[in-house]
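Colleague: I am new to this structure and would appreciate a short tour. Could you show it to me, please?

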Amino acid sequence: MPDLSQALKLKAEGNGLFLKKDFPAAYNKYTEAIAHDAENAILYSNRAACSLSLNRYLDAHTNATKATELDPSHVKSWARLASACTGLGKHGSAVVAWERALTVFPSETLSEEQRKQKDRYAAELATAVARVRAPPTTATGNYVVQTQNQEENLPWNRAIAIAHRAQSDLLWNTSAWPIIAAYQDWSTAVNDMFKVESYRTPAGMNYFGRVGVIEQLTNAITEDTRGFEIRGGQAFFEQYNRQALFEMTKTQAWADASAQGVMEDAPRRLASQGWRAVRPALSMTVRGWIMRAFIQDSLTDDTDAALDFYASAMEVLRWGIARWPDVPIKDKGAIFQESFLRSVKCLRLDALMRAYAKNPGSASKYPLSEILAGAKDLIKQLACAPKEPADLSYASFLCFTRYPLAQAHWLLGFYHQHTAKNIRNTKGPASEVDEHFKTSAKAYVDAADVYPPDDERGIMCLCWVVEALLETGIPAGELLALLNRMHDALPAMRAIWAHSADALAGRDTLITKAMDLRGRLQRSIDQGNTVVDTVISHNTTI
């Protein structure tokens, strides 16, 4: 039963928590207040502010939209809606929202604070307009690979010959299996995507095609993100948008809802329509977020939006797994398997790691602590996982068991490597710096041990081992053994990954550096200038 006095009390508590920067707790207080005063625009607007502070742009968009509907004259609600639109990459909508924010200011008798606020909003509007007018961002990442590579050089095509030999010998531990599986899913889905047709109706444009394309695309990127190609340039994205709109409409997915909105509405829809209707709607909603995140991160470099979409998907997946533990997968859908949630978690952690690498340092907005927590969680989940496949499902075993474990160790190495650098940059204890570098090296070795020996990622982990140990010092004999391991693995790796996206992005710079060090070190040992016990570091001249 509504209780306005209780709503005011909860709102005040939420405000106090917000000032203390405890945004999740503040959000919950505003939610409790809404239960007593559901028509109060400021409560929704304050929830939007919490979400913005947590970089949860989808949820902020939902709450700010509700606030503007309840009170179109509330300036901050329009500003928060504009900020949410910017975070989601909806720059045209951001322009509209900033314009509305400016129009609802009083026309005269503005206070000094209101004038400053209006000037800030005007500046934000100008920035949003500039983004809209800017030329489209050229797609990066693997899109570049496909325009530069000959067909026979593409990793999945090079992997086919490897897989034929591996299959005849029953060899499971090769990166050929995941990349082939991912590319087959991707290419099949893309072929079907380009078959979607549009036609005009009195109500507007409509589309006809095959349901399940988005599912297959997301399956591909959860198997191996390197297994996709973009052909046709802008036509690819236009066709993808048609396919997504078709499937969203066909399945009655939650097109504009936040994770919270989906979790509130799905049980009601389930009660009235059953799993046959709700399963595809939930699947398309979650998979749509995953695809948007992947495209935002990999092709438009909009990491913040990507992290939010991944987080929204994970929130609904965790909620669904906990809410319906006894419902069969065939009813609730494959998205509510722990392995699927783990794959999405890996995608988000990979995006977070790369975002930190671009914006490193102790003041980075992308916290290393979150990378550490994610790595530990994955290692704990997979601690008892089998080390070999129980059957011939080699690709599935590698994609959903071994690769997540390898990535977890990589993330752990990344955390300690960059923590060491941050401590050193703040002139912290040298012993602590060395300890983090040593822990980093061990984690990278663990990652290389889990990856198939012909995977480029395993080689890169060994490169980072070398870099970390040269920071602390390593006996020449141990260093040479490590470099020899890299050297011996290179032919098999290059048989598949010689022309990968990472190769064209500069991967081989570190490998060449390591192999050059190997040559100089071996010669120095052979000539008697260095003995195996000599400690080698970045400061050592060889």
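Modeller: This is a predicted model. A good place to begin is Gln252, which has a positive phi of about 55° and comes just after helix 12.

Colleague: Which residues does helix 12 cover, and what should its 18 residues span?

Modeller: Helix 12 covers residues 234–251, and at 1.5 Å a residue its expected span is 26 Å. The C-alpha atoms at its two ends are 26 Å apart, so the model agrees with the expectation.

Colleague: Which residues are buried in helix 12?

Modeller: The buried residues are Phe236, Phe237, Gln239, Tyr240, Gln243, Ala244, Phe246, Glu247, Met248 and Thr251. As background, an α-helix has 3.6 residues a turn, so residues three or four places apart point the same way.

Colleague: What is Arg269 in contact with, leaving aside its neighbours within four places in sequence?

Modeller: Arg269 is in contact with Thr251, Gln252, Trp254, Gly274, Val278 and Ala281, once those neighbours are left aside. Arg269 itself belongs to helix 13, residues 259–273.

Colleague: Is Arg269 buried or exposed?

Modeller: Arg269 is buried, because its relative accessible area is 14% and the cut-off for buried is under 20%.

Colleague: Changing topic, how many disulfides does a search of the whole structure find?

Modeller: The search finds zero disulfides. For Cys50, the nearest cysteine sulfur is that of Cys85, 18 Å away. For Cys461, the nearest is that of Cys463, at 9.2 Å. A disulfide needs two cysteine sulfur atoms within 2.5 Å, so neither Cys50 nor Cys461 is in one.

Colleague: And are Cys50 and Cys461 buried or exposed?

Modeller: Cys50 counts as buried, because its relative accessibility is 0%. Cys461 also has 0% relative accessibility and therefore counts as buried.

Colleague: How many cavities of 30 Å³ or more are there in the whole structure?

Modeller: The search finds two cavities of that volume or more. The second largest cavity holds about 40 Å³ of space.

Colleague: Which residues line the second largest cavity?

Modeller: Its lining consists of Leu58, His61, Leu88, Lys90, Ala255, Asp256 and Arg292. By type, three of the lining residues are nonpolar, one is polar and three are charged.

Colleague: One last item: where does Ile525 lie, and what is it in contact with?

Modeller: Ile525 lies in helix 24, residues 507–526. Leaving aside neighbours within four places in sequence, Ile525 is in contact with Leu480 and Thr530. Ile542 is 17 residues from Ile525 in sequence, and their C-alpha atoms are 9.8 Å apart in space.

Terms used: Residues are numbered from 1 along each chain as its sequence is written. This is a predicted model: local features need pLDDT of at least 70, side-chain atom pairs count only at pLDDT 80 or more; totals for chains, interfaces and linings use all residues. Side-chain values use heavy atoms; hydrogens and water are left out. On a 1 Å grid over the protein atoms alone, a cavity is a set of points where a 1.4 Å probe fits but cannot get out, and a pocket is an open set with protein on both sides within 12 Å along at least five of seven lines; lining residues have an atom within 4 Å of a point. Grid points are joined across faces, edges and corners, and a volume is the space filled by probe spheres set on the points. Ala, Val, Leu, Ile, Met, Phe, Trp, Tyr, Cys and Pro count as nonpolar, Asp, Glu, Lys and Arg as charged, and the others, Gly among them, as polar. Buried means under 20% relative accessible area, exposed over 50%, partly exposed in between (1.4 Å probe, protein chains only). Helices (H or I, at least four residues) and strands (E, at least two) are DSSP runs, numbered from the N terminus. The expected span of a helix is 1.5 Å times one less than its number of residues. Contact means heavy atoms within 4.5 Å.
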